Amino acid sequence: MKNQFDIVIVGAGASGMAAALVAAEGNPDARILVLEKNPAPGKKIRATGNGRCNISNIHAEHYPEAMNLLRKWGIVTRDYSSGLVYPYSESAGAVAEILAARMQEKGIELWTSMAVTDVLSEPFRLQVEQCGKKKVSGKPERIRIQAKKVILASGGKAGPDFGTIGDGYRWVRNLGHWVISPIPVLTPVDCKEDSCKDIAGTRAKGRVTLYRKTGEEWKDVFTEEGEIQFTATGLSGICVFNMTRHMRFDRAEGLGVFRIEVDLCPDLDVKAYLEEWKEKETELEIALRTLLREKLSRYVIQRAEIPSGRRCKELTEEEIRSLENTMHHLRFRPTGIHGWKEAQCTAGGVSLEEINGETQESLICPGLYITGELQDYDGPCGGYNLNHAWVTGARAGAHAAENL
């Protein structure tokens, strides 16, 4: 029948297109349909890596598997000493276009501007309806689809502008799965009580450390060096983004269980540096300019409770210790984590204990596959999450095609 398919894939993102291509290669006779709510496939791919598409990371789990897939699809990559991997052209749009072209070559059906509203099992039935600003004339607004296998590659909740609004969680719950509460990660942190507006727009290379209070003790749970960006409301930058993956908390306790410390000079003996200036008439703020940007040097002096305009020769031993401590342990109190619109990734999702790690098939609902960000997986910045999407999508597509 017209609306009966062997494999239906929900979502034409990285894992969805990977699933479709591998399934078509494994079973060329299978009738495969990809459903995408956006007007074109790969919308989120096009935005990754600020349009350059940080496609993988040499340190990611199953990296060779992901590279074999990309090479097979015709995507040439280059890697950097940092471990980051990009398409050779560093064009995210080109990656999306190549994958879409490959799907068309293999005869995979793609329905765009079509949103799934419900997924039922035994056998699989999907309710689909047109979405977007314009309806396609002559095309039914609501369609019922049947499928032998279903691959859910609809993503999490991060980046709702790309269509990822978490609708997949409702479907998997209805099919019997437990969903770990999703939270936004890889996103900026607010510290609104720490006068961050005074240093808004400033950047500094340093080390960020996250502490969590356990009983009466503060224990460090994360540390990473990198560029820290100070915003009008708090902290940003890749090391800060990665830190948010460790900021899960109960609503009852709130963010008060965390504190953040920034070391602005992790590889410098600040005390020895200040001692060299001790006999000079130079203003302290000027002396710090070789270490910190103008606004940040003023901010550090203020946080160290040293009077404005103090000259280096006027510094007391206590003030030197206070300044040294402030520069190595600049403390911030998080008051909020930015939401879904700015988050790059979702933490939480379908428990990995309910998914076969080799095939991505549900252990609760046979014939159902769960891939990519819909799973309870979140990697750090740097290509880890896209790598996970390629691999899980491909494994699901291979197994679904083999077991029709």
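**A walk through the predicted model**

Let's start with a pair of helices: the axes of helix H1 (residues 14-26) and helix H3 (residues 63-73) come within 12 Å and cross at roughly 75°. Angles of 65 to 115 degrees count as roughly perpendicular, and H1 and H3 are therefore roughly perpendicular to each other. On the H1 side, the residues that meet H3 are Ala-18, Leu-21, Val-22 and Glu-25, and their counterparts in H3 are Leu-69, Lys-72 and Trp-73. Sorted by class, this contact of H1 with H3 has five nonpolar residues, two charged ones and no polar ones. Please keep in mind as you look around that this is a predicted model.

Stay with H3 for a moment, and turn to helix H11 (residues 384-402). H3 packs with H11 at an angle of about 75°, and their axes are 9 Å apart. H3 and H11 are therefore roughly perpendicular to each other. Which residues make the contact between H3 and H11? From H3 come Tyr-63, Glu-65, Ala-66, Leu-69, Leu-70 and Trp-73, while H11 supplies Asn-387, Trp-390, Val-391, Ala-394 and Arg-395. By class, the contact of H3 with H11 has eight nonpolar, one polar and two charged residues. If you click on Leu-69 and Trp-73, you will find them in the contact with H1 and in the contact with H11.

Now zoom out to the overall picture. The protein has 11 helices and 19 strands. Its C-alpha atoms fill a box of roughly 90 × 45 × 40 Å along the principal axes. Of the 404 residues, 52% are buried. Sequence-distant contacts feature too: taking contacts between residues at least 6 apart in sequence, 73% join residues at least 24 apart.

Next, the sheets. Strands of a sheet pair through backbone hydrogen bonds, either parallel or antiparallel. One open sheet has three strands in the order E3-E5-E4, with antiparallel pairing. Strand E3 (56-57) and strand E4 (77-79) each have a single partner strand, so one side of each is left without a neighbour in the sheet. E4 pairs with strand E5 (residues 84-87) in the antiparallel sense over three bridges. Within this pairing, Thr-77 has Pro-87 in E5 as its bridge partner.

Another open sheet has seven strands, and here the order is E16-E15-E12-E13-E14-E11-E17, again with antiparallel pairing. At its edges are strand E16 (330-332) and strand E17 (336-337), each pairing on one side only. Moving inward, you come to E12 and E13, which pair in the antiparallel sense over 12 bridges. Ala-204 stands opposite Ile-228 in E13. E12 and E13 form a hairpin with two residues between them, and Gly-215 in the turn has a positive phi of about 70°.

Follow the chain onward and a second hairpin joins E13 to E14 through three residues. Strand E13 (residues 217-230) and strand E14 (residues 234-236) run antiparallel, joined by two bridges. Phe-230 has Leu-235 of E14 as its bridge partner, and Gln-229 stands opposite Ser-236 in E14.

Helices also pack against this sheet. Helix H9 (residues 294-303) lies across strand E12 (203-214), E13 and E16, running at about 85° to E16. Helix H10 (residues 317-328) touches strand E15 (258-263) and E16, and its direction makes about 110° with that of E15.

To finish, look closely at one residue of the sheet, Asp-263, which is found in strand E15. Is Asp-263 buried or exposed? The cut-off for buried is under 20% relative accessible area; Asp-263 has 10%, and is therefore buried. What does the side chain of Asp-263 reach at 3.0 Å? That partner is the backbone nitrogen of Cys-265. The side chain of Asp-263 also makes a polar contact with the side chain of His-328, at 2.9 Å. Leaving aside residues up to four places away in sequence, Asp-263 touches Gly-206, Arg-207, Met-327 and His-328. His-328 therefore appears both as a polar partner and in the list of residues that Asp-263 touches.

Notes: Residues numbered from 1 in each chain as written. Predicted model: local features only at pLDDT ≥ 70, side-chain atom pairs only at ≥ 80, totals over all residues. Heavy atoms only, no water. Axes fitted to C-alpha atoms, helices over the stretch in contact; angles between N-to-C directions. Helix = DSSP H or I, 4+ residues; strand = E, 2+ residues; numbered from the N terminus. Parallel < 35°, antiparallel > 145°, perpendicular 65-115°, else oblique. Contact = heavy atoms within 4.5 Å. Nonpolar A, V, L, I, M, F, W, Y, C, P; charged D, E, K, R; others polar. Pairing = 2+ DSSP bridges. Buried < 20%, exposed > 50% of the residue type's maximum accessible area, 1.4 Å probe, protein only. Polar contact = N/O pair within 3.5 Å; in protein donor to acceptor, adjacent residues only side chain to side chain.
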